[in-house]
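Biologist: I'd like a close look at one part of this model, the place where the ligands sit. Please take me through it from one ligand to the other.

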Amino acid sequence: MSKKVFLETVGCQMNVLDSELVAATLRKAGYQLVADPKQADVILFNTCSVRQHAEDKIYSALGQLRRHKQRHPHKIIGVLGCMAQKDQELIRQRAPHVDIICGPGQLGKLLYLLEEVERTRQPQLAVSLGRADAHRPEVERSFESYDPLREPELRTNRFQAYVRTQFGCDKFCTYCIVPSVRGPEQSRHPDEIVAEVRFLADQGCKEVTLVGQTVNSYHYRFGDGRMVRLSDLLYRLHDIPGIRRIKFITNFPRDMTDDLLQAVRDLPKVCRYLHVPAQSGCDIILRRMKRMYTVAFYRDMLARCRETIPGVAISSDFIVGFCGETEESFQRTCDLVAHAGFKNSYIFKYSPRPGTKAFELYPDDVPEEVKRRRNNDLLAIQAKVSLADHRRFIGQTVEILVEGPSKWAYKLSNHTGHDAGQPSDWLQLTGRTGTDHIVVFDGPKNLIGEFVQVFIEDASPYTLFGRLSSPVLADNGEKTKEGMLLEPITLLGSRAHDNSAEQPNPAYEDRETSFSNGSRSLYQRRLSLPIVQDQA
Ligand code: SAM
Ligand code: SF4
(Lines give C-alpha, C1' and ligand atoms only; values in the text may rest on other atoms or scores of the structure.)
(Ligands and ions follow the chains in the order given, each with its own letter.)
Protein backbone atom coordinates (compact mmCIF):
# COMPACT_ATOMS: atom_id res chain seq x y z
CA MET A 1 0.00 0.00 0.00
CA SER A 2 1.32 3.43 -0.86
CA LYS A 3 2.59 5.67 1.92
CA LYS A 4 0.63 8.84 2.64
CA VAL A 5 2.18 12.26 2.98
CA PHE A 6 0.77 15.53 4.31
CA LEU A 7 2.62 18.67 3.24
CA GLU A 8 1.79 22.10 4.62
CA THR A 9 3.33 25.18 3.05
CA VAL A 10 3.98 28.57 4.57
CA GLY A 11 5.66 31.50 2.90
CA CYS A 12 6.33 33.10 -0.41
CA GLN A 13 6.00 31.97 -4.01
CA MET A 14 9.36 30.18 -3.74
CA ASN A 15 7.96 27.90 -1.10
CA VAL A 16 4.80 27.25 -3.06
CA LEU A 17 6.98 26.23 -5.99
CA ASP A 18 9.30 24.13 -3.82
CA SER A 19 6.30 22.32 -2.35
CA GLU A 20 4.93 21.57 -5.78
CA LEU A 21 8.28 20.05 -6.71
CA VAL A 22 8.58 18.09 -3.45
CA ALA A 23 5.06 16.76 -3.94
CA ALA A 24 5.93 15.70 -7.50
CA THR A 25 9.04 13.87 -6.32
CA LEU A 26 7.18 12.09 -3.56
CA ARG A 27 4.34 11.10 -5.86
CA LYS A 28 6.76 9.68 -8.34
CA ALA A 29 8.25 7.62 -5.51
CA GLY A 30 4.80 6.17 -4.80
CA TYR A 31 3.57 8.46 -2.02
CA GLN A 32 -0.01 9.58 -1.97
CA LEU A 33 -0.77 13.17 -0.93
CA VAL A 34 -3.41 13.55 1.74
CA ALA A 35 -5.10 16.64 3.12
CA ASP A 36 -5.39 15.35 6.66
CA PRO A 37 -2.27 14.77 8.75
CA LYS A 38 -4.18 12.19 10.78
CA GLN A 39 -4.09 9.88 7.79
CA ALA A 40 -0.46 10.58 6.91
CA ASP A 41 2.59 8.39 7.43
CA VAL A 42 4.81 11.41 6.74
CA ILE A 43 3.98 14.94 7.94
CA LEU A 44 6.06 17.71 6.34
CA PHE A 45 6.13 21.47 6.91
CA ASN A 46 7.70 23.69 4.28
CA THR A 47 8.55 26.71 6.38
CA CYS A 48 9.31 30.44 6.25
CA SER A 49 11.65 32.54 8.39
CA VAL A 50 10.97 36.01 7.07
CA ARG A 51 8.96 36.99 10.15
CA GLN A 52 8.86 35.60 13.67
CA HIS A 53 5.14 34.98 13.46
CA ALA A 54 5.55 32.38 10.71
CA GLU A 55 8.11 30.50 12.80
CA ASP A 56 5.98 30.64 15.95
CA LYS A 57 3.11 28.98 14.17
CA ILE A 58 5.29 26.13 12.99
CA TYR A 59 6.75 25.59 16.46
CA SER A 60 3.25 25.58 17.84
CA ALA A 61 2.09 23.03 15.24
CA LEU A 62 5.13 20.87 15.97
CA GLY A 63 4.35 21.11 19.69
CA GLN A 64 0.85 19.88 19.05
CA LEU A 65 2.19 16.89 17.17
CA ARG A 66 4.41 15.79 20.04
CA ARG A 67 1.88 13.48 21.68
CA HIS A 68 0.72 12.19 18.36
CA LYS A 69 4.25 11.16 17.52
CA GLN A 70 4.59 9.43 20.90
CA ARG A 71 1.52 7.36 20.12
CA HIS A 72 2.54 6.73 16.52
CA PRO A 73 6.32 6.56 16.62
CA HIS A 74 6.50 5.12 13.10
CA LYS A 75 5.20 8.39 11.64
CA ILE A 76 7.87 10.68 10.21
CA ILE A 77 7.78 14.43 10.86
CA GLY A 78 9.91 16.74 8.75
CA VAL A 79 10.70 20.45 8.70
CA LEU A 80 11.72 21.69 5.25
CA GLY A 81 12.72 25.08 3.90
CA CYS A 82 14.00 28.29 5.44
CA MET A 83 13.44 27.46 9.12
CA ALA A 84 15.31 24.20 8.64
CA GLN A 85 18.28 26.10 7.24
CA LYS A 86 18.11 28.85 9.85
CA ASP A 87 17.39 26.92 13.03
CA GLN A 88 18.94 23.55 12.21
CA GLU A 89 19.67 21.92 15.58
CA LEU A 90 17.45 24.39 17.45
CA ILE A 91 14.42 22.70 15.90
CA ARG A 92 15.53 19.38 17.37
CA GLN A 93 15.99 21.01 20.76
CA ARG A 94 12.56 22.60 20.71
CA ALA A 95 10.82 19.70 18.96
CA PRO A 96 12.88 16.54 19.53
CA HIS A 97 10.21 14.43 17.82
CA VAL A 98 11.13 15.95 14.44
CA ASP A 99 12.84 13.31 12.27
CA ILE A 100 13.95 15.34 9.26
CA ILE A 101 15.41 18.82 8.95
CA CYS A 102 16.00 19.72 5.32
CA GLY A 103 17.04 23.18 4.10
CA PRO A 104 15.75 24.73 0.86
CA GLY A 105 19.03 23.94 -0.89
CA GLN A 106 18.82 20.25 -0.03
CA LEU A 107 15.31 19.31 -1.09
CA GLY A 108 16.69 16.93 -3.70
CA LYS A 109 17.81 14.72 -0.80
CA LEU A 110 14.40 14.42 0.80
CA LEU A 111 13.66 10.91 -0.49
CA TYR A 112 17.02 9.71 0.73
CA LEU A 113 16.38 11.29 4.14
CA LEU A 114 13.03 9.55 4.40
CA GLU A 115 14.64 6.22 3.58
CA GLU A 116 17.37 6.84 6.12
CA VAL A 117 14.86 7.58 8.88
CA GLU A 118 12.98 4.39 8.04
CA ARG A 119 16.16 2.36 7.93
CA THR A 120 17.93 3.75 10.99
CA ARG A 121 15.11 5.35 13.01
CA GLN A 122 17.60 8.17 13.58
CA PRO A 123 16.91 11.86 12.88
CA GLN A 124 18.37 13.23 9.66
CA LEU A 125 19.71 16.71 8.96
CA ALA A 126 20.53 18.11 5.50
CA VAL A 127 21.37 21.78 5.30
CA SER A 128 23.54 23.93 3.06
CA LEU A 129 26.67 25.80 4.11
CA GLY A 130 26.31 29.15 5.85
CA ARG A 131 27.43 32.19 3.86
CA ALA A 132 30.58 32.55 5.97
CA ASP A 133 31.36 28.83 6.20
CA ALA A 134 33.37 28.56 2.98
CA HIS A 135 34.35 30.36 -0.22
CA ARG A 136 31.46 31.46 -2.36
CA PRO A 137 31.65 28.70 -5.02
CA GLU A 138 31.50 26.06 -2.33
CA VAL A 139 28.58 27.74 -0.59
CA GLU A 140 26.83 28.07 -3.97
CA ARG A 141 27.28 24.38 -4.68
CA SER A 142 25.80 23.49 -1.31
CA PHE A 143 22.51 25.09 -2.43
CA GLU A 144 21.72 22.41 -4.96
CA SER A 145 19.36 23.15 -7.79
CA TYR A 146 16.13 21.26 -7.51
CA ASP A 147 14.06 21.11 -10.66
CA PRO A 148 12.27 17.83 -11.07
CA LEU A 149 9.73 17.54 -13.84
CA ARG A 150 6.55 19.50 -13.28
CA GLU A 151 3.19 17.81 -12.76
CA PRO A 152 0.13 19.91 -13.57
CA GLU A 153 -2.01 17.97 -11.07
CA LEU A 154 0.13 19.32 -8.28
CA ARG A 155 -0.57 22.95 -8.99
CA THR A 156 -3.73 24.78 -8.02
CA ASN A 157 -4.50 24.68 -11.70
CA ARG A 158 -2.76 23.48 -14.81
CA PHE A 159 -2.93 26.76 -16.69
CA GLN A 160 -0.72 28.82 -14.33
CA ALA A 161 2.76 28.01 -13.03
CA TYR A 162 5.68 29.54 -11.22
CA VAL A 163 9.08 29.15 -12.84
CA ARG A 164 12.26 29.77 -10.91
CA THR A 165 14.84 32.04 -12.53
CA GLN A 166 17.24 32.40 -9.61
CA PHE A 167 18.11 30.95 -6.28
CA GLY A 168 19.16 33.06 -3.30
CA CYS A 169 19.82 36.75 -2.90
CA ASP A 170 22.91 38.95 -2.66
CA LYS A 171 21.31 42.22 -1.61
CA PHE A 172 21.59 41.76 2.17
CA CYS A 173 18.94 44.25 3.21
CA THR A 174 19.69 44.60 6.90
CA TYR A 175 16.29 43.33 8.11
CA CYS A 176 16.11 40.29 5.86
CA ILE A 177 17.02 36.67 6.58
CA VAL A 178 16.62 35.49 2.98
CA PRO A 179 20.28 35.84 1.86
CA SER A 180 21.31 33.62 4.80
CA VAL A 181 18.71 30.91 4.41
CA ARG A 182 18.44 30.83 0.62
CA GLY A 183 22.14 31.35 -0.05
CA PRO A 184 24.00 33.29 -2.74
CA GLU A 185 22.18 34.60 -5.79
CA GLN A 186 22.57 32.15 -8.68
CA SER A 187 20.81 32.58 -12.00
CA ARG A 188 19.58 29.45 -13.77
CA HIS A 189 20.81 28.67 -17.26
CA PRO A 190 18.40 30.35 -19.69
CA ASP A 191 18.08 27.15 -21.78
CA GLU A 192 16.82 25.32 -18.71
CA ILE A 193 14.22 28.00 -18.04
CA VAL A 194 13.09 28.02 -21.67
CA ALA A 195 12.88 24.21 -21.71
CA GLU A 196 10.82 24.22 -18.53
CA VAL A 197 8.39 26.80 -19.90
CA ARG A 198 8.04 24.80 -23.14
CA PHE A 199 7.32 21.72 -21.09
CA LEU A 200 4.72 23.60 -19.06
CA ALA A 201 3.14 24.97 -22.24
CA ASP A 202 2.89 21.44 -23.62
CA GLN A 203 1.05 20.50 -20.42
CA GLY A 204 -1.51 23.22 -21.08
CA CYS A 205 0.01 26.04 -19.06
CA LYS A 206 -0.96 29.49 -20.37
CA GLU A 207 0.52 31.83 -17.80
CA VAL A 208 3.96 31.61 -16.24
CA THR A 209 5.22 33.76 -13.42
CA LEU A 210 8.99 33.92 -13.24
CA VAL A 211 10.11 34.01 -9.62
CA GLY A 212 13.31 35.22 -8.04
CA GLN A 213 13.98 37.14 -4.85
CA THR A 214 15.12 39.98 -7.08
CA VAL A 215 13.95 38.65 -10.41
CA ASN A 216 15.12 41.66 -12.39
CA SER A 217 18.71 41.10 -11.21
CA TYR A 218 18.70 37.94 -13.35
CA HIS A 219 21.83 37.61 -15.44
CA TYR A 220 23.43 34.46 -16.76
CA ARG A 221 27.02 34.81 -17.92
CA PHE A 222 28.39 32.28 -20.38
CA GLY A 223 32.04 31.23 -20.37
CA ASP A 224 32.75 33.42 -23.42
CA GLY A 225 31.51 36.55 -21.61
CA ARG A 226 28.07 36.75 -23.27
CA MET A 227 25.35 37.64 -20.84
CA VAL A 228 21.63 36.92 -20.83
CA ARG A 229 19.52 39.46 -18.92
CA LEU A 230 15.90 39.14 -17.82
CA SER A 231 14.84 41.17 -20.86
CA ASP A 232 16.64 38.70 -23.18
CA LEU A 233 14.96 35.82 -21.41
CA LEU A 234 11.54 37.45 -21.86
CA TYR A 235 12.12 37.65 -25.62
CA ARG A 236 12.92 33.95 -25.74
CA LEU A 237 9.94 32.94 -23.61
CA HIS A 238 7.65 35.14 -25.65
CA ASP A 239 8.13 32.87 -28.66
CA ILE A 240 6.83 29.76 -26.92
CA PRO A 241 3.51 28.69 -28.42
CA GLY A 242 0.70 28.20 -25.91
CA ILE A 243 2.05 30.70 -23.40
CA ARG A 244 -0.29 33.67 -23.35
CA ARG A 245 0.95 35.61 -20.33
CA ILE A 246 4.33 36.09 -18.70
CA LYS A 247 4.73 37.79 -15.31
CA PHE A 248 7.79 38.21 -13.13
CA ILE A 249 8.16 38.91 -9.41
CA THR A 250 9.78 40.45 -7.33
CA ASN A 251 11.78 43.41 -8.64
CA PHE A 252 14.56 45.32 -6.94
CA PRO A 253 14.20 49.09 -7.59
CA ARG A 254 17.85 49.62 -8.49
CA ASP A 255 17.81 46.89 -11.13
CA MET A 256 14.81 48.21 -13.05
CA THR A 257 16.78 48.79 -16.23
CA ASP A 258 15.53 50.43 -19.43
CA ASP A 259 16.04 47.26 -21.51
CA LEU A 260 13.65 45.44 -19.16
CA LEU A 261 11.02 48.18 -19.26
CA GLN A 262 11.25 48.27 -23.05
CA ALA A 263 10.80 44.50 -23.22
CA VAL A 264 7.65 44.79 -21.08
CA ARG A 265 6.41 47.54 -23.38
CA ASP A 266 7.21 45.71 -26.62
CA LEU A 267 6.24 42.12 -25.83
CA PRO A 268 2.47 41.74 -25.79
CA LYS A 269 2.51 38.55 -23.72
CA VAL A 270 4.49 40.18 -20.91
CA CYS A 271 2.06 41.58 -18.37
CA ARG A 272 2.08 45.28 -17.64
CA TYR A 273 2.43 44.67 -13.97
CA LEU A 274 5.51 45.37 -11.85
CA HIS A 275 5.95 44.52 -8.20
CA VAL A 276 8.76 46.78 -6.97
CA PRO A 277 8.96 46.97 -3.17
CA ALA A 278 9.98 50.37 -1.80
CA GLN A 279 10.05 49.29 1.90
CA SER A 280 10.13 52.88 3.21
CA GLY A 281 9.58 56.47 2.08
CA CYS A 282 12.33 57.87 4.29
CA ASP A 283 15.96 58.11 3.18
CA ILE A 284 17.34 57.63 6.68
CA ILE A 285 15.43 54.38 7.05
CA LEU A 286 16.30 53.21 3.54
CA ARG A 287 19.96 53.75 4.37
CA ARG A 288 19.59 51.76 7.59
CA MET A 289 17.84 49.03 5.63
CA LYS A 290 20.74 49.11 3.13
CA ARG A 291 18.34 49.27 0.23
CA MET A 292 20.90 51.16 -1.85
CA TYR A 293 18.53 53.81 -3.25
CA THR A 294 16.92 57.02 -2.09
CA VAL A 295 13.26 58.01 -2.22
CA ALA A 296 14.07 60.39 -5.09
CA PHE A 297 15.64 57.52 -7.01
CA TYR A 298 12.60 55.35 -6.35
CA ARG A 299 10.22 58.08 -7.52
CA ASP A 300 12.27 58.57 -10.70
CA MET A 301 12.20 54.83 -11.27
CA LEU A 302 8.39 54.86 -10.98
CA ALA A 303 8.22 57.74 -13.45
CA ARG A 304 10.47 55.87 -15.87
CA CYS A 305 8.27 52.75 -15.63
CA ARG A 306 5.12 54.75 -16.33
CA GLU A 307 6.68 56.75 -19.13
CA THR A 308 8.00 53.64 -20.88
CA ILE A 309 5.03 51.32 -20.29
CA PRO A 310 1.69 53.08 -20.70
CA GLY A 311 -0.95 51.63 -18.39
CA VAL A 312 1.51 49.73 -16.21
CA ALA A 313 0.28 48.77 -12.73
CA ILE A 314 2.82 48.92 -9.94
CA SER A 315 2.63 47.41 -6.47
CA SER A 316 4.95 47.66 -3.51
CA ASP A 317 5.96 46.30 -0.09
CA PHE A 318 6.54 48.37 3.04
CA ILE A 319 7.92 47.59 6.45
CA VAL A 320 6.58 49.78 9.26
CA GLY A 321 8.24 50.21 12.64
CA PHE A 322 11.75 49.44 11.45
CA CYS A 323 14.46 50.32 13.99
CA GLY A 324 14.70 54.09 14.40
CA GLU A 325 11.52 54.87 12.43
CA THR A 326 10.24 58.13 13.93
CA GLU A 327 6.80 59.66 13.33
CA GLU A 328 8.49 61.93 10.81
CA SER A 329 10.06 58.98 8.96
CA PHE A 330 6.71 57.23 8.94
CA GLN A 331 5.00 60.33 7.58
CA ARG A 332 7.41 60.27 4.66
CA THR A 333 6.32 56.70 3.93
CA CYS A 334 2.68 57.82 4.12
CA ASP A 335 3.48 60.59 1.61
CA LEU A 336 5.05 58.12 -0.78
CA VAL A 337 2.06 55.77 -0.58
CA ALA A 338 -0.42 58.64 -0.93
CA HIS A 339 1.22 59.91 -4.12
CA ALA A 340 2.92 56.97 -5.83
CA GLY A 341 -0.31 55.47 -7.23
CA PHE A 342 0.42 51.87 -6.28
CA LYS A 343 -2.18 49.34 -7.35
CA ASN A 344 -1.71 47.78 -3.93
CA SER A 345 0.90 47.50 -1.20
CA TYR A 346 1.85 44.71 1.14
CA ILE A 347 2.56 46.14 4.56
CA PHE A 348 4.50 44.35 7.27
CA LYS A 349 5.37 45.20 10.84
CA TYR A 350 9.10 44.93 11.35
CA SER A 351 10.04 41.59 12.85
CA PRO A 352 13.63 41.39 14.16
CA ARG A 353 15.43 38.35 12.74
CA PRO A 354 18.45 36.92 14.52
CA GLY A 355 21.23 36.50 12.00
CA THR A 356 20.54 39.78 10.21
CA LYS A 357 22.57 42.99 10.41
CA ALA A 358 19.65 44.99 11.78
CA PHE A 359 19.24 42.52 14.61
CA GLU A 360 22.92 42.91 15.44
CA LEU A 361 23.19 46.68 15.03
CA TYR A 362 19.91 48.36 15.91
CA PRO A 363 17.49 48.03 18.82
CA ASP A 364 13.91 47.12 17.88
CA ASP A 365 12.79 50.44 19.37
CA VAL A 366 9.30 50.96 17.93
CA PRO A 367 6.71 49.56 20.35
CA GLU A 368 4.32 46.91 19.04
CA GLU A 369 1.24 49.13 19.40
CA VAL A 370 2.94 51.87 17.39
CA LYS A 371 3.84 49.35 14.67
CA ARG A 372 0.22 48.20 14.62
CA ARG A 373 -1.11 51.74 14.40
CA ARG A 374 1.29 52.66 11.59
CA ASN A 375 0.38 49.48 9.79
CA ASN A 376 -3.33 50.35 9.93
CA ASP A 377 -2.72 53.97 8.94
CA LEU A 378 -0.71 52.96 5.91
CA LEU A 379 -3.29 50.34 4.91
CA ALA A 380 -5.98 53.03 5.07
CA ILE A 381 -3.98 55.38 2.84
CA GLN A 382 -3.30 52.60 0.35
CA ALA A 383 -6.98 51.59 0.35
CA LYS A 384 -7.97 55.10 -0.80
CA VAL A 385 -5.35 55.08 -3.53
CA SER A 386 -6.39 51.60 -4.63
CA LEU A 387 -10.05 52.53 -4.78
CA ALA A 388 -9.23 55.44 -7.08
CA ASP A 389 -7.09 53.13 -9.21
CA HIS A 390 -9.87 50.51 -9.40
CA ARG A 391 -12.59 53.05 -10.21
CA ARG A 392 -10.79 53.99 -13.42
CA PHE A 393 -11.90 50.64 -14.81
CA ILE A 394 -15.64 51.19 -14.35
CA GLY A 395 -17.29 51.25 -17.78
CA GLN A 396 -14.36 49.49 -19.44
CA THR A 397 -14.10 45.95 -20.77
CA VAL A 398 -11.04 44.04 -19.63
CA GLU A 399 -9.55 40.70 -20.60
CA ILE A 400 -9.02 38.33 -17.71
CA LEU A 401 -7.71 34.84 -17.20
CA VAL A 402 -10.36 33.06 -15.15
CA GLU A 403 -8.65 31.45 -12.16
CA GLY A 404 -11.47 29.74 -10.29
CA PRO A 405 -14.50 30.18 -8.08
CA SER A 406 -14.45 33.31 -5.91
CA LYS A 407 -14.02 33.01 -2.17
CA TRP A 408 -17.72 33.71 -1.80
CA ALA A 409 -18.56 30.84 -4.17
CA TYR A 410 -16.37 28.52 -2.12
CA LYS A 411 -18.11 29.54 1.05
CA LEU A 412 -21.51 29.08 -0.52
CA SER A 413 -20.75 25.66 -1.93
CA ASN A 414 -19.16 24.56 1.34
CA HIS A 415 -22.22 25.76 3.19
CA THR A 416 -24.96 24.44 0.95
CA GLY A 417 -23.14 21.73 -0.91
CA HIS A 418 -24.10 23.34 -4.21
CA ASP A 419 -24.23 26.72 -5.88
CA ALA A 420 -27.57 27.85 -4.52
CA GLY A 421 -29.78 29.87 -6.83
CA GLN A 422 -27.60 29.36 -9.90
CA PRO A 423 -27.80 26.94 -12.78
CA SER A 424 -25.62 24.07 -11.58
CA ASP A 425 -22.64 25.05 -13.71
CA TRP A 426 -22.80 28.79 -12.92
CA LEU A 427 -21.07 30.41 -10.00
CA GLN A 428 -19.18 33.50 -9.00
CA LEU A 429 -15.77 33.34 -10.65
CA THR A 430 -12.60 35.30 -10.18
CA GLY A 431 -9.72 36.11 -12.47
CA ARG A 432 -7.02 38.66 -13.10
CA THR A 433 -6.29 41.22 -15.74
CA GLY A 434 -2.82 41.43 -17.24
CA THR A 435 -2.23 44.28 -14.81
CA ASP A 436 -2.97 41.90 -11.93
CA HIS A 437 -6.29 43.48 -11.01
CA ILE A 438 -8.73 41.00 -9.50
CA VAL A 439 -12.10 40.74 -11.23
CA VAL A 440 -15.19 38.97 -9.92
CA PHE A 441 -18.16 38.04 -12.12
CA ASP A 442 -20.78 35.34 -12.59
CA GLY A 443 -20.18 32.70 -15.24
CA PRO A 444 -20.17 29.03 -16.10
CA LYS A 445 -17.55 26.83 -14.46
CA ASN A 446 -16.09 25.76 -17.75
CA LEU A 447 -14.61 29.23 -18.22
CA ILE A 448 -12.01 28.42 -15.58
CA GLY A 449 -8.67 28.57 -17.35
CA GLU A 450 -10.04 30.64 -20.23
CA PHE A 451 -9.39 34.21 -21.25
CA VAL A 452 -12.67 36.16 -21.25
CA GLN A 453 -13.83 39.73 -21.63
CA VAL A 454 -15.59 41.26 -18.63
CA PHE A 455 -17.38 44.58 -18.53
CA ILE A 456 -16.56 46.34 -15.25
CA GLU A 457 -19.54 47.78 -13.42
CA ASP A 458 -18.26 48.47 -9.91
CA ALA A 459 -15.08 48.59 -7.86
CA SER A 460 -13.87 48.26 -4.28
CA PRO A 461 -10.31 48.96 -3.09
CA TYR A 462 -9.63 45.24 -3.52
CA THR A 463 -11.74 44.02 -6.40
CA LEU A 464 -13.36 44.90 -9.72
CA PHE A 465 -16.91 43.62 -10.22
CA GLY A 466 -18.22 42.96 -13.69
CA ARG A 467 -20.30 40.94 -16.07
CA LEU A 468 -19.21 38.60 -18.76
CA SER A 469 -18.97 40.22 -22.18
CA SER A 470 -17.87 37.30 -24.30
CA PRO A 471 -15.67 34.28 -23.86
CA VAL A 472 -12.44 34.53 -25.81
CA LEU A 473 -11.92 31.65 -28.14
CA ALA A 474 -8.74 29.68 -28.45
CA ASP A 475 -6.45 30.27 -31.41
CA ASN A 476 -8.23 27.58 -33.42
CA GLY A 477 -11.60 29.16 -32.75
CA GLU A 478 -12.73 26.49 -30.29
CA LYS A 479 -13.03 26.77 -26.58
CA THR A 480 -9.96 25.19 -25.12
CA LYS A 481 -10.24 22.19 -22.86
CA GLU A 482 -7.20 22.52 -20.70
CA GLY A 483 -8.85 24.83 -18.25
CA MET A 484 -11.61 22.47 -17.37
CA LEU A 485 -10.47 21.93 -13.84
CA LEU A 486 -13.68 22.33 -11.94
CA GLU A 487 -12.47 21.98 -8.40
CA PRO A 488 -9.15 23.47 -7.38
CA ILE A 489 -6.94 20.73 -6.08
CA THR A 490 -6.75 20.55 -2.34
CA LEU A 491 -3.05 20.21 -2.29
CA LEU A 492 -0.51 20.07 0.45
CA GLY A 493 -2.99 20.11 3.25
CA SER A 494 -4.60 23.30 2.11
CA ARG A 495 -5.01 25.02 -1.20
CA ALA A 496 -1.65 25.97 -2.53
CA HIS A 497 -2.96 29.38 -3.33
CA ASP A 498 -6.46 30.48 -3.17
CA ASN A 499 -6.90 33.01 -5.93
CA SER A 500 -10.06 34.45 -4.62
CA ALA A 501 -11.36 37.92 -4.87
CA GLU A 502 -9.95 39.20 -1.65
CA GLN A 503 -6.41 38.08 -2.23
CA PRO A 504 -4.63 40.60 -4.39
CA ASN A 505 -1.47 38.67 -5.06
CA PRO A 506 -0.42 35.10 -4.53
CA ALA A 507 3.16 36.21 -4.11
CA TYR A 508 3.12 36.47 -0.36
CA GLU A 509 0.87 34.11 1.41
CA ASP A 510 2.39 34.48 4.79
CA ARG A 511 1.75 38.15 5.25
CA GLU A 512 0.32 39.09 8.57
CA THR A 513 -1.47 42.14 7.33
CA SER A 514 -1.68 43.22 3.81
CA PHE A 515 -3.76 45.60 1.90
CA SER A 516 -6.28 42.82 1.61
CA ASN A 517 -8.36 41.71 4.57
CA GLY A 518 -8.63 38.33 2.91
CA SER A 519 -4.92 37.72 3.17
CA ARG A 520 -5.11 37.80 6.91
CA SER A 521 -7.61 34.98 6.95
CA LEU A 522 -5.59 33.16 4.32
CA TYR A 523 -2.57 33.43 6.52
CA GLN A 524 -4.43 32.10 9.48
CA ARG A 525 -6.07 29.36 7.50
CA ARG A 526 -2.84 28.20 5.98
CA LEU A 527 -1.18 28.11 9.32
CA SER A 528 -4.00 26.93 11.49
CA LEU A 529 -2.95 23.45 10.62
CA PRO A 530 -5.45 20.70 10.83
CA ILE A 531 -4.11 19.53 14.16
CA VAL A 532 -4.04 15.84 14.75
CA GLN A 533 -6.28 14.81 17.61
CA ASP A 534 -4.90 11.95 19.59
CA GLN A 535 -7.17 9.04 20.24
CA ALA A 536 -8.08 9.00 23.90
N1 SAM B 1 12.94 39.72 -2.48
C2 SAM B 1 11.80 40.49 -2.33
C3 SAM B 1 12.19 41.95 -2.26
O4 SAM B 1 13.31 42.30 -2.11
O5 SAM B 1 11.31 42.73 -2.33
C6 SAM B 1 10.94 40.11 -1.17
C7 SAM B 1 11.44 39.14 -0.20
S8 SAM B 1 10.69 39.11 1.36
C9 SAM B 1 10.38 37.43 1.48
C10 SAM B 1 9.09 39.77 1.16
C11 SAM B 1 8.84 40.99 1.97
O12 SAM B 1 8.92 40.67 3.33
C13 SAM B 1 9.86 42.09 1.79
O14 SAM B 1 9.62 42.86 0.67
C15 SAM B 1 9.71 42.88 3.06
O16 SAM B 1 8.76 43.89 2.91
C17 SAM B 1 9.20 41.84 4.05
N18 SAM B 1 10.19 41.52 5.07
C19 SAM B 1 11.40 40.96 4.90
N20 SAM B 1 12.03 40.86 6.10
C21 SAM B 1 11.19 41.36 7.03
C22 SAM B 1 11.27 41.54 8.43
N23 SAM B 1 12.36 41.19 9.12
N24 SAM B 1 10.21 42.07 9.08
C25 SAM B 1 9.10 42.43 8.40
N26 SAM B 1 8.98 42.29 7.06
C27 SAM B 1 10.01 41.76 6.39
FE1 SF4 C 1 15.52 40.18 1.35
FE2 SF4 C 1 16.40 42.47 0.32
FE3 SF4 C 1 17.05 40.12 -0.84
FE4 SF4 C 1 14.54 41.03 -0.98
S5 SF4 C 1 16.37 42.02 -1.84
S6 SF4 C 1 15.20 38.95 -0.45
S7 SF4 C 1 14.28 42.03 0.99
S8 SF4 C 1 17.67 40.83 1.17
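Which residues surround ligand 2?

Modeller: Eleven names, so here they are in groups. The cysteines around ligand 2 are Cys-169, Cys-173 and Cys-176. Phe-172, Tyr-175, Val-178 and Pro-179 surround ligand 2 as well. Lys-171, Gln-213, Thr-214 and Arg-291 complete the list. A residue counts here if one of its heavy atoms lies within 4 Å of the ligand. By type, the shell around ligand 2 has seven nonpolar, two polar and two charged residues. (Ala, Val, Leu, Ile, Met, Phe, Trp, Tyr, Cys and Pro count as nonpolar, Asp, Glu, Lys and Arg as charged, and the others, Gly among them, as polar.)

A note on the basis: this is a predicted model, where local features need pLDDT of at least 70 and side-chain atom pairs pLDDT 80 or more, while totals for chains, interfaces and linings use all residues. Residues are numbered from 1 along each chain as its sequence is written, chains are lettered from A and ligands numbered from 1 in written order, and side-chain values use heavy atoms, without hydrogens or water.

Now the location. Ligand 2 sits in the largest cavity. The space taken by ligand 1 is the largest cavity too. (A cavity is a set of points, on a 1 Å grid over the protein atoms alone, where a 1.4 Å probe fits but cannot get out; to sit in it, a molecule needs more than half of its atoms within 2 Å of its grid points.)

Next, ligand 1. It has 16 residues around it. The closest are Gln-213, Pro-277, Gln-279, Asp-317 and Ser-351. Gln-213 is also in the list for ligand 2. The shell around ligand 1 divides into seven nonpolar, four polar and five charged residues. Strand E15 (313–320) supplies at least two of its residues, and strand E16 (345–349) does likewise. (Strands are DSSP runs of at least two residues, numbered from the N terminus.)

Three atom pairs tie ligand 1 to the protein at polar-contact distance (N or O atoms within 3.5 Å). The side chain of Asp-317 places an N or O atom 2.6 Å from an oxygen of ligand 1. For the side chain of Gln-279, the distance to a ligand 1 oxygen is 2.7 Å. Tyr-175 uses its backbone: an N or O atom there lies 3.0 Å from a nitrogen of ligand 1. The protein covers 95% of the 550 Å² of accessible area that ligand 1 has on its own (Shrake-Rupley method, 1.4 Å probe). Tyr-175 returns us to the start, as it is among the residues that surround ligand 2.

How values were computed. Polar contact = N/O pair within 3.5 Å; in protein donor to acceptor, adjacent residues only side chain to side chain. 1 Å grid on protein atoms, 1.4 Å probe; cavity = no way out; pocket = protein on both sides within 12 Å on 5 of 7 lines; lining within 4 Å. Helix = DSSP H or I, 4+ residues; strand = E, 2+ residues; numbered from the N terminus.
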